[in-house]
Amino acid sequence: MRSIRLAVVGAVLPLIINPASAAMVYSFTQTGPTIATGSDYGPDGPNDVFTTGSFILADQLVRAPYSLGADNNAPSAGAPPAGLIDIFFATFDRGRAVIGDLPRFVTPNRNPGNGQYYSFGLLGTPGALFPTGTVAYNDSESNTDLVFGADGRVSGVYSTDRGGPCFTSGACTFTGQLTATHIPNARPAAVAVPEPMSLALFGMGLSALVLVGRRRSAD
């Protein structure tokens, strides 16, 4: 699994960052294993399910109080909220990923009964490094819910209808931490990558963007 993560990050590190407005990159790192409890289709305890993700906010947004969000089932769905540059989260489970990316969060769901729900809400306050809020993504088969605390700590719940240790609602939990990195003049470049790996690569690319920013600062 570690070799897969390194390969993905290595693939996106060469992507050049296009000059643009300054931004704040918030990266989520899972800090412990995903823990299964109460599933009838798999053993309780740690498993290999893991979640990663990032979101990027415009610098001018985070300098003032803000509240932004999106919900693909809301009447207002259809356009990204002002100040949001990008967002990508993914939960990997036995060779499959459930993904929450910007198009899924803002594209109106024409069939609300299909069980596909993508939403997030972020609240920033003056003097606070991290926003509070939630991110939820559900592809009708698997779903992940994240809650962000004011200290950057994150709690998450994952469940799936695919069986295994995370079968049934709320069967698996995990924790993690946000990190915040200021990027003076950068945003992800558009790069043609074959589907479906383009989504996973871009999501991992947000984490790579943080590394690029740190290297530039060190120079």
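**Figure 1. The disulfide of Cys166 and Cys172.** Cys166 and Cys172 form a disulfide in this predicted model, with their sulfur atoms 2.0 Å apart. The torsion about the S-S bond of Cys166 and Cys172 is about -90°, and the disulfide is therefore left-handed. Both partners are away from the surface by the accessibility criterion, since Cys166 is buried and Cys172 is buried as well. A search of the whole structure finds 1 disulfide.

**Figure 2. The chain as a whole.** The chain folds into 4 helices and 12 strands, and buried residues account for 46% of its 219 residues. When contacts are taken between residues at least 6 apart in sequence, 64% of them join residues at least 24 apart. The accessible surface of the chain comes to about 10,700 Å², and 57% of that area belongs to carbon and sulfur atoms.

**Figure 3. The nonpolar cores.** In soluble globular proteins, nonpolar side chains tend to be buried together. Here the largest nonpolar core has 32 residues, and those with the most contacts inside it are Phe55, Leu57, Ile87, Phe89, Val135 and Phe148. A second, separate core has 6 residues, among them Ala23, Val25, Ile56 and Ala58.

**Figure 4. The surroundings of Phe148.** Phe148 lies in strand E10, which covers residues 142-148. With a relative accessible area of 3%, Phe148 falls under the 20% limit and therefore counts as buried. Leaving aside residues up to four places away in sequence, Phe148 touches the nonpolar core members Phe55, Phe89 and Val135, and its contacts also include Leu122, Pro131, Thr132, Gly133, Thr134, Arg153, Val154 and Leu178. Along the chain, Phe148 and Gly133 are 15 residues apart, while their C-alpha atoms are separated by 5.1 Å.

**Figure 5. The surroundings of Phe55.** Phe55 is found in strand E4, residues 50-58, and is buried, with a relative accessible area of 0%. Not counting neighbours within four places in sequence, Phe55 is in contact with Met24, Val25, Tyr26, Asp86, Ile87, Phe89, Leu122, Pro131, Phe148 and Leu178. One of these partners, Val25, belongs to the second, separate core, whereas Ile87, Phe89 and Phe148 are listed with Phe55 among the residues with the most contacts inside the largest core. The C-alpha atoms of Phe55 and Asp101, which are 46 residues apart along the chain, are separated by 9.5 Å.

**Figure 6. Asn109 and its polar contacts.** Asn109 lies in the loop between helix H3 (102-106) and strand E8 (116-124). Although Asn109 is a loop residue, it is buried, with a relative accessible area of 15%. The side chains of Asn109 and Asn73 are joined by a polar contact of 3.0 Å, and a polar atom of the Asn109 side chain also lies 3.1 Å from the backbone nitrogen of Asn111. Leaving aside neighbours within four places in sequence, Asn109 is in contact with Asn72, Asn73, Asn114 and Gln116.

**Figure 7. Two loop residues with positive phi, Arg94 and Ser140.** Arg94 is not a glycine, yet it has a positive phi of about 50°. Arg94 lies in the loop between strand E6 (84-93) and strand E7 (96-101), and at 46% relative accessibility it counts as partly exposed. Ser140, again not a glycine, has a positive phi of about 85°. The place of Ser140 is in the loop between E9 and E10, and its relative accessibility of 38% makes it partly exposed.

**Figure 8. Confidence along the predicted chain.** The mean pLDDT of the chain is 81, and 74% of the residues reach 70 or more. Among the elements of the chain, strand E9 (residues 132-139) has the highest mean pLDDT, at 98, and helix H1 (residues 2-12) the lowest, at 41. Over residues 2-19 the pLDDT stays under 50, and for this stretch the model has 24 contacts beyond four places in sequence. Residues 189-197 likewise have a pLDDT below 50, and beyond near neighbours in sequence this stretch has 6 contacts in the model.

Technical notes: Residues are numbered from 1 along each chain as its sequence is written. This is a predicted model: local features need pLDDT of at least 70, side-chain atom pairs count only at pLDDT 80 or more; totals for chains, interfaces and linings use all residues. Side-chain values use heavy atoms; hydrogens and water are left out. Helices (H or I, at least four residues) and strands (E, at least two) are DSSP runs, numbered from the N terminus. Buried means under 20% relative accessible area, exposed over 50%, partly exposed in between (1.4 Å probe, protein chains only). Contact means heavy atoms within 4.5 Å. Accessible areas come from the Shrake-Rupley method with a 1.4 Å probe; for residues, only the protein chains shown count as cover. A nonpolar core is a set of buried Ala, Val, Leu, Ile, Met, Phe, Trp, Tyr and Cys residues joined through side-chain atoms within 4.5 Å. A disulfide is a pair of cysteine sulfur atoms within 2.5 Å. A polar contact is a pair of N or O atoms within 3.5 Å; within protein, one must be able to donate a hydrogen and the other to accept it, and residues adjacent in sequence count only if both atoms are side-chain atoms. pLDDT is the predictor's confidence in each residue, from 0 to 100.
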